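The exercises below ask the reader to examine a protein model step by step. Please attempt each task before turning to its solution.

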Amino acid sequence: DEEEEEEDPYHIPLGHEISLQGHKKVVSALTIDHAGSRVVTGGHDYNLHLFDFHGMKRDCKPYRTLTEPCGGHPINAVSFSPSGDQFIVVPGSSQPKIFDRDGREQGEFPRGDMYIRDMKNTKGHVMGCTSGQWHPTERGEAMSGSLDGTVRLWDVTRFNSQKSVLKPSQQVAKGRVGVTTCCYSPDGRLIAAGLSDGGIQMWSATGKMASAMVGLVLPPKEQMHIVNKWSYSSHPKHVIRSAHPEGEETTSITFSQDSTMMLSRNTDGTLKVWDMRKLKEPMKVFGDLHNNAAQTQVRFSPDDSLFFTGVSCGKDGTGGGLMFFERSTLSPLRFVGMPGNAVAMHWHPRINQIIVGCGDRKKGSIKVLYDPAVSEKGALQCMARAPRRPDPSDASISLPVHNPHALPMFREEPMLKRKASDHVNLKDPKVTKRPEHQTSGPGVGGRLGTTGGTLLTQHLMRMRGDLGQGKDHWSEQDPRAAFLKHQEAAEANPCYTTAYRETQPVPMYHEEEEEEEE
C-alpha cells in the first residue's frame, strides 16, 4: 500500500471502469447528487437517462428514461439542487425545466418577448439556452445563460417569475453578445459567464442590483409588467475583454474551492488558468487540446490538487480522452483515453469516482472510473450485484400452447397418405378447380351444348333440318351446287319465265360498260 501511495499520491481512481448504457449520441451533460447515488445524463439524442447506483445491476441500465423531455432540442446542461430532490435541465430551447428526483416534470420557466429590445424588460429568454447551474448552497435559486445575451437567475418556487437579469457590458455597441457558458463560484458569491466575443465577465451574486421597474416606455400589452419584481445588473464586477479570441466559444468556466483560481476552456484548443487576484493576464496557457464540442467541460479534483478537461478526438476518431494537470506546478500529469469526444465530466468527492460523458454523432457512452482501493459505493455497489441467473424451476410451471394443427379438424395426415389422396383428388375437377372444356352448339346458362332437354325451339329446328350435324346439314353444303340442282326442273316447267318467250326468246344479260379514258 505504501508503494502504491508513492506511485499515485493523488489517488486518481483509474483502476477499473464500467459503461452506463442508454445514449445513442454524444453525452453533453451530466450531474450527480450530493450523496453520490443518482446520476442524470443528457445528450444530443434529446433524451434524459436516470441511473441509481443503489438499485442498478451489473448490466448498468438506467432505471428511467425520459424520451425528448424538451422536444427536439439537445440537452446542454443538467444540475442537481443542493438537497438532491430536484434538478434543472437546460435544453437548446429558450425554456429551462425543473424535474424532481424521480424524473417527473415540476415546471417550465416562461419564454420572453423577442420584440422587446432591452432584455431586462422581458420575463424570460428569447433565444436558445447554452448553459445553466443550480445554486451551490440555496435550494430556491437556479441560473441559465442564453444566446440572447443574458444570464437569468430563476426562483424555482415560482415558475412565472425570475429573480434577476445579468447583462454583459460592451465597450462598443455590437448588438447582442451571446452567453456561451456560465457558472457559480463554490460559495455562490460570484457568477461568471463566457461570451461569444471571447470575453469573460463576473458579477457579485450578493451585491445590490437595480430595479427593472418600467419607466416612461411601456412594453407591449402581452408583457405589461407595470412593476417588474425582478432586478437587473449591467455592470459586472470583473471584466476580461480578450480572454480568448473573438469568434471562438468559451465552453466551460470553473472555480477552485477557495475561489482564488479560475479555469476557462475554449474551442480554440486552449485551457487558461487565471488568478482571481490578477486577471489582466492568465497564469498559464495550455494549448494543443483539441476541442470541437460546445459543451466540453473543465473541472477541479475534490482536494483542488489537480484539474482536468476533456479532449476531442481527431478526424480519424482517435485521440479523445481526459487530460490531467497538476495545480502546484501547472504542468500536465497524465492522459486517459476515451472513446470519442470527452465532453461532460464530474469527480465526486464522496465516492471518489470520475464520471465522463463522451461520444460522437453516431454513438454515446458514459464511463465511470473507480478504484476499489480508494473508491466507495457508487459503481462498486452495482458491480457486486450480478443479474439474476435463470433457475431451473422457473420453467417448471408453463401454460399449454395449442397450435392450429393440434386440433383434429386441423391435424395433417402422414406424408404417404397425403400423396395418395392428392393423386386421387387430381382426377376430381371440383377439388382441383380445373377449368371446363370449351363446347360448341346451342346451350343454356351462358354455355353452348349444356342442356339435356328437348326445348320446343330445338325440336322445330331439328324437324326442318336447321339443327343437327353431319354432311346433310345445310351448313356443310355448297350453296351453288344446291342452287344448280334445280336447273333441269326449271327449264322443263318455266312457270316464272313464260312472259319472256315471245318478247325475249334469247336471254339478254347486262354487260359492263367500259369507262372512257380522258
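The model shown here is predicted, and the exercises that follow treat its cores, strands, a lysine and cysteines.

**Exercise 1. The nonpolar cores**

Task: Determine which residues of the largest nonpolar core touch the most other members, and which elements supply at least two residues of this core.

Solution. Step 1: The largest nonpolar core has 18 residues, and Ile18, Leu20, Met56 and Ile355 touch the most other members. Step 2: At least two residues of this core come from each of β1 (16-20), β2 (27-32), β30 (364-370) and α2 (379-384). Step 3: A second, separate core holds 14 residues, including Leu322, Phe324, Val336 and Trp347. Step 4: To return to Leu20, its contacts beyond four places in sequence are Phe51, Met56, Cys60, Ile366 and Val368.

**Exercise 2. An open sheet**

Task: State the order of strands in the open sheet of four strands, and identify the edge strands.

Solution. Step 1: The order is β2-β3-β4-β5, and the pairing is antiparallel. Step 2: β2 and β5 (64-66) are the edge strands, as each pairs on one side only. Step 3: From one strand to the next, the twist averages 15°. Step 4: Strand β4 (residues 48-52) is joined to β5 by three bridges. Step 5: Within this pair, Leu50 stands opposite Arg64 of β5.

**Exercise 3. Two hairpins**

Task: For the hairpin of β26 and β27, and for that of β20 and β21, find how many residues lie between the strands and which residue has a positive phi.

Solution. Step 1: Strands β26 (residues 321-326) and β27 (residues 331-337) run antiparallel and are joined by six bridges. Phe325 faces Pro332 in β27. Step 2: Four residues lie between β26 and β27, and Leu330 in the turn has a positive phi of about 50°. Step 3: Strand β21 (residues 261-266) pairs with β20 in the antiparallel sense over five bridges, and Ser264 in β21 is the bridge partner of Ile253. Step 4: This hairpin has five residues between its strands, with Ser259 taking a positive phi near 60°. Step 5: Strand β20 (residues 250-255) is largely enclosed by the rest of the structure, because six of its six residues are buried.

**Exercise 4. A lysine in a strand**

Task: Decide whether Lys97 is buried or exposed, and describe its surroundings.

Solution. Step 1: Lys97 belongs to strand β8 (residues 97-100). Step 2: Its relative accessible area is 10%, and buried means under 20%; therefore Lys97 is buried. Step 3: The Lys97 side chain reaches the backbone oxygen of Pro69 at 2.7 Å. Step 4: Leaving out residues up to four places away in sequence, Lys97 touches Pro69, Cys70, Phe87, Ile88, Val89, Glu105, Gly107 and Glu108.

**Exercise 5. The cysteines**

Task: Establish how many disulfides a search of the whole structure finds, and explain why Cys182 forms no bond with the closest cysteine.

Solution. Step 1: A disulfide is a covalent bond between the sulfur atoms of two cysteines. Step 2: The search finds zero disulfides in the whole structure. Step 3: For Cys182, the closest cysteine sulfur is that of Cys183, at 7.4 Å, which is too far for a bond; the cut-off is 2.5 Å. Step 4: Cys313 is likewise in no disulfide, with the nearest cysteine sulfur, that of Cys358, 9.9 Å away. Step 5: Cys182 counts as buried at 4% relative accessibility, and Cys313 is buried with a relative accessible area of 10%.

Conventions:
Residues are numbered from 1 along each chain as its sequence is written. This is a predicted model: local features need pLDDT of at least 70, side-chain atom pairs count only at pLDDT 80 or more; totals for chains, interfaces and linings use all residues. Side-chain values use heavy atoms; hydrogens and water are left out. A nonpolar core is a set of buried Ala, Val, Leu, Ile, Met, Phe, Trp, Tyr and Cys residues joined through side-chain atoms within 4.5 Å. Buried means under 20% relative accessible area, exposed over 50%, partly exposed in between (1.4 Å probe, protein chains only). Contact means heavy atoms within 4.5 Å. Two strands pair if DSSP finds at least two bridges between them. A polar contact is a pair of N or O atoms within 3.5 Å; within protein, one must be able to donate a hydrogen and the other to accept it, and residues adjacent in sequence count only if both atoms are side-chain atoms. Axes are lines fitted to C-alpha atoms, for helices over the stretch in contact, and angles run from 0 to 180 degrees between N-to-C directions.
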